[in-house]
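Reader: Hello! I am new to this structure and would love a close look at one part of it, with its surroundings explained along the way.

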Amino acid sequence: MSDEVARAAAVGHALAPTPPLRLPRGELACAPVPAVMGIANVTPDSFADGGALYPDGHPEVGLAHARGLLAEGAAVIDVGGESTRPGAAPVAAEEEARRVVPVVEGLAADGAVVSVDTTKPEVARAAIAAGAQIVNDVGGGEPGLLEVVAESGCAYVLMHSRGTPATMRDLTGYDDVVAEVTAFLAEGLDRCATAGIDLERVAVDPGIGFAKTAAQSVALLRAVPGLRGLGRPVLIGASRKSFLASLLDGAPVADRLEGSLAVAAVAAADGAGILRVHDVAATVRTARVGAALGPRR
Ligand code: PMM
């Protein structure tokens with residue numbers, strides 16, 4: 001991390017309001033209230049919705065769900081075709097594209113802002129051709145994917161992770177998780193710039209639950225003001241995640257709404273720019289109040 005970025009992170013509390021995320025067509029406002037990104041996982045093995053949006057070959061089910069999230073106030077829909085939950089099996093690019101492209105196409109035709117949740121250049125390329133304006137990369141910025149983003153003029157979410165869904169549970173050794181994740185994101189922004197991606201098109205994400213223990217996820221959520229020091233919108237994806245169970249006597253996925261909303265309120269107060277969630281209507285209302293209570297914008 002450069003001295004300049006370290007200094008900026010240290011004074012994140014005092015920074016100007018979060019900038020918007022530049023898109024190929026327009027921009028995504030990330031302040032004064034964070035943009036809510038609704039999740040449409042069209043996978044058979046998603047942890048949060050049990051694959052309900054994946055009746056194979058029927059994209060209209062995922063599409064209808066996503067349209068419902070837009071009606072609830074989502075500013076963007078994140079379409080994913082490969083589960084990233086710990087232990088999930090990998091999916092071939094062709095199959096992943098087959099899952100996401102029809103849903104992206106339908107939403108883009110409606111005029112919605114669509115993000116594709118993928119780590120694969122081929123899938124990103126197909127989704128962009130279908131109208132996606134954001135590539136949400138939980139892989140942390142492999143060169144091939146950055147190239148596709150640079151060429152296309154898409155926006156990009158740079159997320160911290162380690163390993164793969166199969167291995168990440170064993171990769172939680174950090175000396176100082178906040179410092180190491182902040183440094184990774186700062187270096188990732190440098191890699192984006194080197195790849196030719198205008199940083200006005202990049203959001204950063206500490207990767208809640210990705211190669212993190214529950215305590216590490218909490219530490220990163222408490223670090224949102226500092227992460228804003230990187231100068232880019234901070235995306236937080238904490239919705240229904242398992243660290244909430246550790247705070248709520250082992251609550252199953254279906255009982256994590258209040259925990260997810262508590263995170264949304266505090267993240268909004270701390271100036272997060274984008275909240276990636278399953279429960280859109282409740283999060284939109286929570287974020288509005290959280291942002292109004294925030295001392296840091
Ligand atoms: N979490 C999941 C999937 N994609 N993308 C970003 N940018 N940030 C996240 O925290 C994130 C993500 C896993 O959650 P899901 O299975 O509910 O989609």
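Which residues line the second largest cavity?

Author: Happy to walk you through this one. Please keep in mind that the model is predicted. The lining of the second largest cavity is made up of E82, T84, E96, D117, T118, T119 and V138. Sorted by class, one of these residues is nonpolar, three are polar and three are charged. The space they surround has a volume of about 40 Å³.

How does one find such a space at all? Rolling a probe the size of a water molecule over the atoms shows where empty space is left. In this model, searching the whole structure turns up two cavities of 30 Å³ or more.

The other one, the largest cavity, holds about 60 Å³ of space. Its lining consists of I236, A238, S239, S260, V263, A264, L275, R276 and V277. Here the classes come out as six nonpolar, two polar and one charged. Helix 10 (257-269) and strand 10 (274-277) each contribute at least two residues to this lining.

There is also an open space worth visiting, and it brings us back to two residues you have just met. E82 and T119 belong to the lining of the second largest cavity, and the same two names appear in the second largest pocket, where E82, T119, G163, T164 and P165 are the lining residues nearest the centre. In total, 19 residues line that pocket, and its volume is about 350 Å³. Its lining has eight nonpolar, seven polar and four charged residues.

Now for the framework. Strands of a sheet pair through backbone hydrogen bonds, either parallel or antiparallel. In this model, eight strands form an open sheet with parallel pairing, in the order 8-7-6-5-4-3-10-9. Strand 8 and strand 9 (235-236) are the edge strands, each pairing on one side only.

Let us stop at strand 7 (residues 155-159). Five of its five residues are buried, so strand 7 is largely enclosed by the rest of the structure. In a regular strand the side chains alternate between the two faces of the sheet. You can follow this in strand 7, where A155, V157 and M159 point one way while Y156 and L158 point the other way, and all are buried.

Strand 7 has a partner on each side. With strand 6 (residues 134-137), strand 7 pairs in the parallel sense over four bridges, and D137 has L158 of strand 7 as its bridge partner. To get from strand 6 to strand 7, the chain passes through helix 5 (residues 143-152), making a right-handed β-α-β crossover. Strand 8 (residues 202-205) also runs parallel to strand 7, and four bridges join the two. There, V157 stands opposite A203 of strand 8. This connection is again a right-handed β-α-β unit, built from strand 7, helix 6 (residues 177-194) and strand 8.

Further along the sheet we come to strand 3 (residues 35-41). Seven of its seven residues are buried, leaving the strand mostly covered. The cover is on both faces, with A35, M37, I39 and N41 buried on one side and V36, G38 and A40 on the other. Strand 3 pairs with strand 10 in the parallel sense over four bridges, and A35 stands opposite I274 in strand 10. Strand 10 is the strand that also supplies residues to the lining of the largest cavity. On its other pairing, strand 3 meets strand 4 (residues 76-80) in the parallel sense over five bridges, where V76 in strand 4 is the bridge partner of M37.

A few single residues round off the tour. P225 sits in helix 8 (residues 224-227) and counts as buried, because its relative accessibility is 3%. The C-alpha atom of P225 is separated by 8.8 Å from that of A267, although the two residues are 42 apart along the chain. Two cysteines are also hidden: C154 counts as buried because its relative accessibility is 1%, and C192 is buried with a relative accessible area of 0%. As for cysteines joined to one another, a search of the whole structure finds zero disulfides.

Definitions and conventions
Residues are numbered from 1 along each chain as its sequence is written. This is a predicted model: local features need pLDDT of at least 70, side-chain atom pairs count only at pLDDT 80 or more; totals for chains, interfaces and linings use all residues. Side-chain values use heavy atoms; hydrogens and water are left out. Buried means under 20% relative accessible area, exposed over 50%, partly exposed in between (1.4 Å probe, protein chains only). Two strands pair if DSSP finds at least two bridges between them. A crossover is right-handed if, with the strands pointing away from the viewer, the path from the first strand over the helix to the second runs clockwise. On a 1 Å grid over the protein atoms alone, a cavity is a set of points where a 1.4 Å probe fits but cannot get out, and a pocket is an open set with protein on both sides within 12 Å along at least five of seven lines; lining residues have an atom within 4 Å of a point. Grid points are joined across faces, edges and corners, and a volume is the space filled by probe spheres set on the points. Ala, Val, Leu, Ile, Met, Phe, Trp, Tyr, Cys and Pro count as nonpolar, Asp, Glu, Lys and Arg as charged, and the others, Gly among them, as polar. A disulfide is a pair of cysteine sulfur atoms within 2.5 Å.
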